[in-house]
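Me: I am new to this structure and would like to go through it step by step, with the reasoning spelled out for each reply. Could we begin once the structure is in view?

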Amino acid sequence: MSGVRVLVGTSKGAFLLTADGHRERWQVSGPLFGGWEIYHVAGSPADPDRLFASQSNGWFGQVVQRSDDGGTTWEPAGNDFAYEGDPGTHLYYDGSSRPWTFARVWHLLPSAEDPDTVLAGVEDAALFRTVDGGRSWSELTGLRTHASASSWAPGAGGLCLHTIVPWPDDPARMLVAISAAGVLATEDGGSTWKPANTGLRSEFMPEPEAEVGHCVHKLVRHPSRPDVVFMQKHWDVMRSDDGGMSWREISGDLPTDFGFAIEVHAHEPDTVYVVPITSDEQHYPPDGRLRVYRSRSGGDEWEPLTDGLPQSDCYVNVLRDAMAVDSMDPCGVYVGTTGGQVYVSPDGGDHWTPIVRDLPRVLSVEVQTLP
Amino acid sequence: MSAQEAGAAPEDTVSIRIVVPQQLRTLARVTGDVVVEVATPVTVGAVIDALEVAHPALAGTIRDRDTGRRRAMIRIYADGQDYSDAWTDTELPAPVVEGREPLRLVGAIAGG
């Protein structure tokens, strides 16, 4: 029987959670890289035994780890993320200009075709690529040198490129999301980019509908319908039907439209999941109740999913990369919290159970569906 | 023909013992102190050069790859003195050069 491997990045190491297709009995291994912040762990679709982990901390900087055996053994790969040329400046919180400075890798996106090719979204915001399995990394400079880049400013977590969304049938086309610049789109493999924020409105900016500067928290899409993209923005849940060229709000009847994570069902392109969070000042669920909300209509109408999730005295957060789906049937949904719980729903969100309860702060959750 | 016979100057080297933070030991897959051979005169910079050659996984973790500057939260002590900002011009003290004391790489205290 096929199974799943859940790749969990936490503030103090990585954990691998494995189960068969029932997703009821779990084996937990870890911590890997104990004591380090693991912003993201990702598996190669082309070779599920090839895993990459972004390991960093404030003392020793960035390491990219690689496994070729499904996470049993790991080797440090390259950690040389050098901006090309004069890196220029971006805005800081106080409005001053600061030079671009590499801090860490937020997000790793292994190629669907080639296990040696990976894109990395980093802080300060830029896009890097390796074609040799992580040993060397080259910047796709067109993004950081975009004409608007000197006006980008960090979100609370830093000026980070946290989301990379390539078109499945055309890898030269992709969207990236940067906090707080917004969405940028390329159609030539990353040489040139244009802002893709039409329809977004952000009250924290002097011009709320400006071309750039929006705090986009996460993008997701179903591979069968690549031009439909869902967004959790700082405030507002949004949808694009034209590949990011324009956006409309689909927050509908959500109790709050602030949040970080957003996912789409593996087999139902109009089934979307979000985890509403009270506000930008109160990073916990409304009323102390952890509720995942599901829309089966591509937005606007949402239902709370609560069975098995804590419904009192719960004040955890779910960060932008901490929700994932598997591609089993029925589709499994996974949520990791800043309180160290990882919940699974093996039935598309109807029923939830904790896989683990007491990990460090969960930064990211990815799922591999194994043959 | 030896290098000396060929006219090259003989290079004196000494063994330097380094105390490495636990997380870097794990990364470099070593246990205990790390010993590297360093040409005299021995400076912090020369020791870190040798450490990175012996353990490439540590490149970038102690000093910035681009600028060569010490990472802000790394401190470097030798024989009870702070050498964190004396990388290239100052020879390390005799107890370290003679192998009686280690060079200590320390993660700066942060948090409670």
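Reply: One definition is needed at the start: two strands pair if DSSP finds at least two bridges between them. The model is predicted.

Me: How many bridges join strand 23 of chain A to strand 24 of chain A?
Reply: Strand 23 covers residues 272-274 of chain A and strand 24 covers residues 292-295 of chain A, and the two run antiparallel. Within this pairing, Tyr273(A) stands opposite Arg294(A) of strand 24. Pairing requires at least two bridges, and the number joining strand 23 to strand 24 is 3.

Me: Which strands of the sheet with the order 22-23-24-25 in chain A stand at the edges?
Reply: This open sheet has 4 strands with antiparallel pairing, and its twist averages 30 degrees from one strand to the next. An edge strand here has a single partner strand, so one side of it is left without a neighbour in the sheet. In chain A that describes strand 22 (262-264) and strand 25 (303-305).

Me: In the open sheet of chain A with the order 4-5-6-7, which residue of strand 5 does Ile38(A) stand opposite?
Reply: The sheet has 4 strands in antiparallel pairing, and strand 4 (37-43) and strand 7 (75-76) are its edge strands, each pairing on one side only. Strand 4 pairs with strand 5 (residues 51-57) of chain A over 6 bridges in the antiparallel sense. Opposite Ile38(A), in strand 5 of chain A, stands Gln55(A).

Me: Is Asp116(A) buried or partly exposed?
Reply: Asp116(A) lies in the loop between strand 10 (104-110) and strand 11 (118-123) of chain A. Leaving aside neighbours within four places in sequence, Asp116(A) is in contact with Val131(A), Asp132(A) and Gly133(A), and its C-alpha is 7.2 Å from that of Thr130(A), a residue 14 places apart in sequence. A residue needs 20 or more other C-beta atoms within 10 Å to be buried and 12 or fewer to be exposed; because Asp116(A) has 17, it is partly exposed.

Me: And is Leu119(A) buried or exposed?
Reply: Leu119(A) belongs to strand 11 of chain A, and apart from residues up to four places away in sequence it touches Leu109(A), Leu127(A), Arg129(A) and Ile164(A). Its C-alpha atom is separated by 8.2 Å from that of His107(A), 12 residues apart along the chain. Since 22 C-beta neighbours lie inside 10 Å, Leu119(A) counts as buried.

Me: What pattern of helices and strands does chain B follow along the sequence?
Reply: Chain B contains 3 helices and 5 strands. Of its 112 residues, 26% count as buried, and among contacts between residues at least 6 apart in sequence, 55% join residues at least 24 apart. Read along the sequence, the pattern is β-α-β-α-β-β-α-β.

Me: Which residues of strand 2 of chain B point to one face and are buried?
Reply: In a regular strand the side chains alternate between the two faces of the sheet. Strand 2 of chain B (residues 34-39) shows such alternation, with Val35(B), Glu37(B) and Ala39(B) pointing to the face whose residues are not buried. Strand 2 pairs with strand 1 (residues 13-19) of chain B in the antiparallel sense over 6 bridges, and there Val14(B) stands opposite Val38(B). The buried residues are Val34(B), Val36(B) and Val38(B).

Me: Which residue of strand 5 of chain B is the bridge partner of Ala78(B)?
Reply: Strand 5 (residues 103-107) of chain B pairs in the parallel sense with strand 1 over 2 bridges, where Leu103(B) is the partner of Ile18(B). Strand 3 (residues 74-78) of chain B also pairs with strand 5, in the antiparallel sense over 5 bridges. In that pairing, the bridge partner of Ala78(B) is Leu103(B).

Me: How many residues of chain B are in contact with chain A?
Reply: On the side of chain A that touches chain B there are 6 nonpolar, 4 polar and 1 charged residues. Contact here means C-beta atoms, placed from the backbone, within 7 Å. By that cut-off, 11 residues of chain A meet residues of chain B that number 13.

Technical notes:
Residues are numbered from 1 along each chain as its sequence is written. Chains are lettered from A and ligands numbered from 1 in the order in which they are written. This is a predicted model: local features need pLDDT of at least 70, side-chain atom pairs count only at pLDDT 80 or more; totals for chains, interfaces and linings use all residues. Two residues are in contact if their C-beta atoms, placed from the backbone, lie within 7 Å. Ala, Val, Leu, Ile, Met, Phe, Trp, Tyr, Cys and Pro count as nonpolar, Asp, Glu, Lys and Arg as charged, and the others, Gly among them, as polar. Axes are lines fitted to C-alpha atoms, for helices over the stretch in contact, and angles run from 0 to 180 degrees between N-to-C directions.
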